[in-house]
Every structure is written in C-alpha cells, then in structure tokens.
Amino acid sequence: PGNHSCAVLSTGHIDCWGDSFNGALGDGTNGSDGPSDTPVEVQGVTNAIQVAVGSRHSCAVLSSGHVDCWGAEVIEHIVYNSDIPVEVQGVTNAIKVSAGDGDSCALRSNGHVECWEEGEHGQLGDGSTSASEIPVEVQGVTTATQIASGREHSCALLSSGHVSCWGDNESGQLGDGTIGKSD
C-alpha cells in the first residue's frame, strides 16, 4: 500500500489518515493540506462494508454491491485524481475489492473477478495488455472467494483452495514456477 491507511467504521463510514497526496484520503483535499496524523472522514460514503488501500488510491465496496474509489487512478500512464469517492462504472454485486499499484479488482458474489486501470503487464487478467477504465472480467476465474492486488499483479483464492494469479511476473510473483513477462 501507499502512505495512507483507511478503516471501515461500524456506521458504514470510512476514515483515512496519512498522506493526502493525489486525494488519497477521500476528504476533498489533494495534498495541499499535507498529511493527516489523525483520521478524517471519506466524503459521501455511509454504507461501506469493506475498504482496500492501494499505492495511490483506495476503493470501497458498498452495501449496494457497487464500488467507489478515490485518489489517483492510472489509465495508460495518465494519472486521474479524484479527492472524493467516485463510483466505478459497471461493477455490480461486489463483495470484495482489492487495490494495488496500477490496478484494482472487484470480486463479485458469483465468484467472478473484474479488474480495471493499467494493463500493460496483463494485470487486468483478460489476456490483453491494454488499460481499461471500464472493469473487464478476469478470464478463467469463476469460483473466487478472496482477492488481493500487489504491484501490477493480482491473485484470487478459488473455492477449490487453489490460487490463480495474473499480471506482471518479473520477480516470479505469480507463483507458477516461472519468472518473466506473462501477458
């Protein structure tokens, strides 16, 4: 994760603290006020069930099954900042979200996973190396129970107990016994 942290409160609100650069705190500031050493409330989120912190952004699953994200989103190496949460278009029935460095993913209630943002290392899991601001379904993952995103790669725990990973494999982070590009 980046230099900020977030927590879902029992009220469904989210508090974040740390570096506010790129709008990472979701409170309407964009680094101009400096870091916050005390929690600040993320604007407009009142029904969160889970939050994930990435390197420059955060995302939350809402009780409606939609996903909101804030901070820096990277599409084709262009950084888009939102210092307040915005809904990720096209995600429904989400139960978990993960946020990495250059990508985010949502686990849907049907066990499928969708990812968006950067894709040059295959981190969207759709077999392409293109970025997408619209979530795309990860190929071959239909029984996921958990998800996690790292630096340009993501993994899903499957109901079988196996793990499926996709994205950058420069350091062997896919765990498949290989090292190298894996688009």
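From the N terminus on, the elements of the chain run β-β-β-β-β-β-β-β-β-β-β-β-β-β. The count is 14 strands and 0 helices. The radius of gyration is 16 Å, close to the 16 Å that the globule rule gives for 183 residues, so the chain is as compact as a globular protein of that length. The model is a predicted one.

**Overall dimensions and packing**

- The C-alpha trace spans about 45 × 30 × 25 Å along its principal axes.
- Of the 183 residues, 50% count as buried.
- Contacts between residues at least 6 apart in sequence include many that reach further along the chain: 43% of them join residues at least 24 apart.

**Surface and charge**

- The chain has an accessible surface of about 8,300 Å².
- Carbon and sulfur atoms account for 48% of that surface.
- Negative side chains number 25, and positive side chains number 5.
- The centres of these two sets lie 7 Å apart.

**The hairpin of strands 13 and 14**

- Strand 13 covers residues 153-158, and strand 14 covers residues 163-167.
- The two strands run antiparallel and are joined by 5 bridges.
- One pairing links H153 to G167, its bridge partner in strand 14.
- The hairpin has 4 residues between the strands.
- G161, in this hairpin, takes a positive phi near 95 degrees.

**Positive phi outside glycine: N93**

- N93 is a residue other than glycine, yet its phi is positive, near 55 degrees.
- This residue sits in the loop between strand 7 (78-87) and strand 8 (94-99).
- N93 is partly exposed. Its relative accessible area is 41%, which falls between the 20% limit for buried and the 50% limit for exposed, so it belongs to neither class.

**Positive phi outside glycine: E117**

- E117 is also a residue other than glycine with a positive phi, here near 95 degrees.
- Its place is in a strand: strand 10, residues 113-117.
- E117 has a relative accessible area of 2%. Buried means under 20%, so E117 counts as buried.

**Two settings side by side**

- N93 lies in a loop, whereas E117 lies in a strand.
- N93 is partly exposed, whereas E117 is buried.

Definitions and conventions:
Residues numbered from 1 in each chain as written. Predicted model: local features only at pLDDT ≥ 70, side-chain atom pairs only at ≥ 80, totals over all residues. Heavy atoms only, no water. Rg over C-alpha atoms; globule rule 2.2 N^0.38 Å. Buried < 20%, exposed > 50% of the residue type's maximum accessible area, 1.4 Å probe, protein only. Contact = heavy atoms within 4.5 Å. Areas by Shrake-Rupley, 256 points an atom, 1.4 Å probe, with all protein chains shown as cover. Lys, Arg positive; Asp, Glu negative; His and termini not counted. Charge placed at Lys NZ, Arg CZ, Asp CG, Glu CD. Pairing = 2+ DSSP bridges.
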